[in-house]
Amino acid sequence: MAYTVPKLTDYSAEALEKAVSECLAACEAEADEVRNSAELKLFRDRWMARKNGILTQINEVWLKGSPKDAKRDAGRQLNLIKEQVGQLVKAVKVPRVPPLTEDYWPNPTTTAPAWHGRPDLPRLCVEDEALIASQRVDVTLPGIRRPIGAEHPVIRTMHEIVGVFQKLGYSVAEGPVVETDYYNFEALNFPPNHPARDTQDTLFIAGQQSKPQRERLLLRTHTSPVQIRTMEKMRPPIRIVIPGTVHRNDPPDASHSPMFHQIEGLAVDTNITFGDLKGTLDHAMKALFGTSVKTHFRPSFFPFTEPSAELYVTCFICGGSGKRGPDPCRPCKQTGWIEVLGCGMVDPNVFEFVKDNGYDPKKVSGFAFGMGVDRLALLKYGVDDIQLFFQGDVRFLEQFG
Ligand SMILES: [Zn+2]
């Protein structure tokens with residue numbers, strides 16, 4: 001029988017206390033019956049709703065109907081009820097799970113009921129089931145494969161070369177791709193009428209005719225300007241490798257690209273000799289192409305080194321024989337040797353440009369070398385067209401993944 005607020009006729013202390021304890025006992029009994037959140041809401045509203053909740057009714061029926069001299073006692077009792085009911089409502093936890101007893105375990109001797117869930121627990125409503133169904137994950141499905149990128153063959157070759165020199169104690173230096181004529185040519189001992197300064201070979205930035213020649217901007221044609229920039233900032237001794245992109249006014253074909261990659265090296269110290277250059281590069285080539293390769297230096301010319309040389313290694317495709325089985329070896333043009341880089345002792349004229357920073361050509365000496373990374377990558381991976389490196393065709397690139 002649901003609790004209803006009784007009318008009070010007797011406002012004596014005993015009568016009030018009895019009414020209060022009956023009310024609280026009823027509330028407690030109802031709290032015990034609450035099984036889920038919907039029932040909890042009904043329970044809370046029944047007792048605490050401002051409009052017509054039991055607490056409001058008690059306020060109306062008991063307090064306002066009380067004789068004057070009993071108002072204070074009735075008010076005190078009412079506050080007590082309010083507090084207790086509030087605590088009872090707050091204490092209800094849903095869903096309420098009774099302690100497990102044997103009764104809940106299916107009896108193997110009887111037929112299992114159609115629904116195996118515990119009957120004392122609330123069933124999910126239709127919306128809950130739809131929500132769960134929409135978020136269900138089939139853990140047996142294969143996962144989403146995200147392809148992992150790989151290093152571009154040119155960048156990979158570049159990292160390999162830089163890595164060899166880093167192990168020798170070299171650090172990496174970089175510089176701007178847009179350079180001034182001063183750093184790209186003048187400070188590297190290119191005379192004013194050198195053919196490399198012609199727009200036939202160099203890509204100049206347009207509209208700079210009004211500037212003095214040494215300030216005119218261009219796309220650097222080699223990584224060598226970083227040699228000067230580094231020597232301006234760091235005093236000797238110095239050991240650096242300089243990887244980066246360079247540009248030349250070459251129409252693209254199978255072996256030329258207007259943009260390509262170089263790695264430059266520079267070592268400056270007291271008493272650096274051509275023997276140091278040969279020993280360093282011989283070690284680097286063996287580290288890059290295998291210990292069986294031989295190195296060979298041939299005289300050459302570069303404006304910023306004196307003496308200068310080209311370095312050849314035994315062809316790492318035919319092993320130096322010039323033949324691949326019965327066929328001629330194309331990469332080395334049947335010579336058994338492949339040119340890999342240009343090098344030489346730093347020209348004293350170059351040191352003159354950074355003399356004030358400790359590079360007195362009478363006191364220090366050094367060697368420099370530079371190689372085209374793309375050409376080495378072509379040889380290394382047996383690719384016959386440099387354009388393939390820059391077209392971004394995934395079918396080509398994924399072969400290196
Ligand atoms: Zn060969």
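## Exercises on a predicted model

K333 is exposed, with a relative accessible area of 68%. Keep in mind that the structure you are looking at is a predicted model.

### Exercise 1: K333 and N189

Find out where K333 and N189 sit, and what their phi angles look like.

Solution.
- Step 1. Start with K333, which is in the loop between β9 (327-328) and β10 (337-346).
- Step 2. Check the backbone: phi of K333 is near 50°, a positive value in a residue other than glycine.
- Step 3. Now go to N189, in the loop between α7 and β3 (217-219). Its phi is near 70°, again positive, and N189 is not a glycine.
- Step 4. Look at exposure. N189 has 23% relative accessibility, so it counts as partly exposed, while K333 counts as exposed at 68%.
- Step 5. Why bother to note these angles? Most residues other than glycine have a negative phi.

### Exercise 2: Two cis peptide bonds

Work out which residues the cis bonds join and where the prolines P237 and P307 are.

Solution.
- Step 1. One cis bond joins P236 and P237, with omega at about 5°. P237 belongs to the loop between α8 and β4.
- Step 2. Another runs from E306 to P307, and here omega is near -5°. P307 is part of strand β7 (residues 305-314).
- Step 3. For background, most peptide bonds are trans.

### Exercise 3: How α3 packs on α4

Describe how helices α3 and α4 are arranged, and say which residues make the contact.

Solution.
- Step 1. Two packed helices are described by the angle between their axes and the distance between the axes.
- Step 2. Get those two values: the axes of α3 (residues 54-63) and α4 (residues 71-91) come within 11 Å and cross at roughly 170°.
- Step 3. Turn the angle into a word. Angles over 145 degrees count as roughly antiparallel, so α3 is roughly antiparallel to α4.
- Step 4. List who touches whom. From α3 come L55, I58, N59, W62 and L63, and from α4 come K71, A74, G75, L78, I81, K82 and V85.
- Step 5. Sort these contact residues by character: eight are nonpolar, two polar and two charged.

Follow-up: which residues does P6 touch, leaving out those up to four places away in sequence?

- Step 1. P6 lies in the segment before α1 (13-33) and is partly exposed at 28% relative accessible area.
- Step 2. Its partners are V61 and W62.
- Step 3. P6 and I58 are 52 residues apart in sequence, but their C-alpha atoms are 8.5 Å apart in space.

### Exercise 4: Rings meeting rings

Classify the aromatic pairs F274 with F297 and Y381 with F400.

Solution.
- Step 1. The whole structure has 16 aromatic pairs, so pick out one and look at its geometry. The ring centres of F274 and F297 are 6.2 Å apart and the planes are at 70°. Planes over 60 degrees apart count as edge-to-face, so that is what this pair is.
- Step 2. Place the two residues: F274 is in helix α9 (residues 274-289), F297 is in strand β6 (residues 295-302), and 23 residues separate them.
- Step 3. Compare their surroundings. F274 is partly exposed at 26%, whereas F297 counts as buried at 18% relative accessibility.
- Step 4. Repeat for Y381 and F400: with centres 5.1 Å apart and planes at 80°, this pair is edge-to-face.
- Step 5. Y381 lies in helix α11 (residues 373-381) and F400 in the segment after α12 (394-397), so the pair ties together parts 19 residues apart in sequence. Y381 is partly exposed at 25%, and F400 is buried at 10%.
- Step 6. Zoom out: Y381 and F400 belong to one aromatic cluster with F389, F390 and F396.

### Exercise 5: Charges over rings

Which rings do R229 and R298 lie over?

Solution.
- Step 1. R229 lies over the face of Y183, 4.0 Å from the ring centre.
- Step 2. The charged end of R298 sits over the ring of Y312, at 4.0 Å from its centre.

### Exercise 6: Buried spots

Say what surrounds T280 and what covers the buried residues of α8.

Solution.
- Step 1. T280 lies in helix α9. Its relative accessible area is 18%, so T280 is buried.
- Step 2. Skipping neighbours within four places in sequence, T280 is in contact with F165, L168, Y170 and F367.
- Step 3. In helix α8 (residues 225-233), the buried residues are P225, V226, Q227, I228, T230 and M231.
- Step 4. Their cover includes β2 (178-180), α7 (181-184), β4 (238-247), β5 (259-269), α10 (348-352) and β11 (365-372).

Methods: Residues are numbered from 1 along each chain as its sequence is written. This is a predicted model: local features need pLDDT of at least 70, side-chain atom pairs count only at pLDDT 80 or more; totals for chains, interfaces and linings use all residues. Side-chain values use heavy atoms; hydrogens and water are left out. Axes are lines fitted to C-alpha atoms, for helices over the stretch in contact, and angles run from 0 to 180 degrees between N-to-C directions. Helices (H or I, at least four residues) and strands (E, at least two) are DSSP runs, numbered from the N terminus. Angles under 35 degrees count as roughly parallel, over 145 as roughly antiparallel, 65 to 115 as roughly perpendicular and the rest as oblique. Contact means heavy atoms within 4.5 Å. Ala, Val, Leu, Ile, Met, Phe, Trp, Tyr, Cys and Pro count as nonpolar, Asp, Glu, Lys and Arg as charged, and the others, Gly among them, as polar. Rings of Phe, Tyr and Trp (its six-membered ring) pair if their centres lie within 6.5 Å; planes under 30 degrees apart count as stacked, over 60 as edge-to-face and the rest as tilted. Buried means under 20% relative accessible area, exposed over 50%, partly exposed in between (1.4 Å probe, protein chains only). A charge sits over a ring if NZ of Lys or CZ of Arg is within 6 Å of the ring centre and within 35 degrees of the ring normal.
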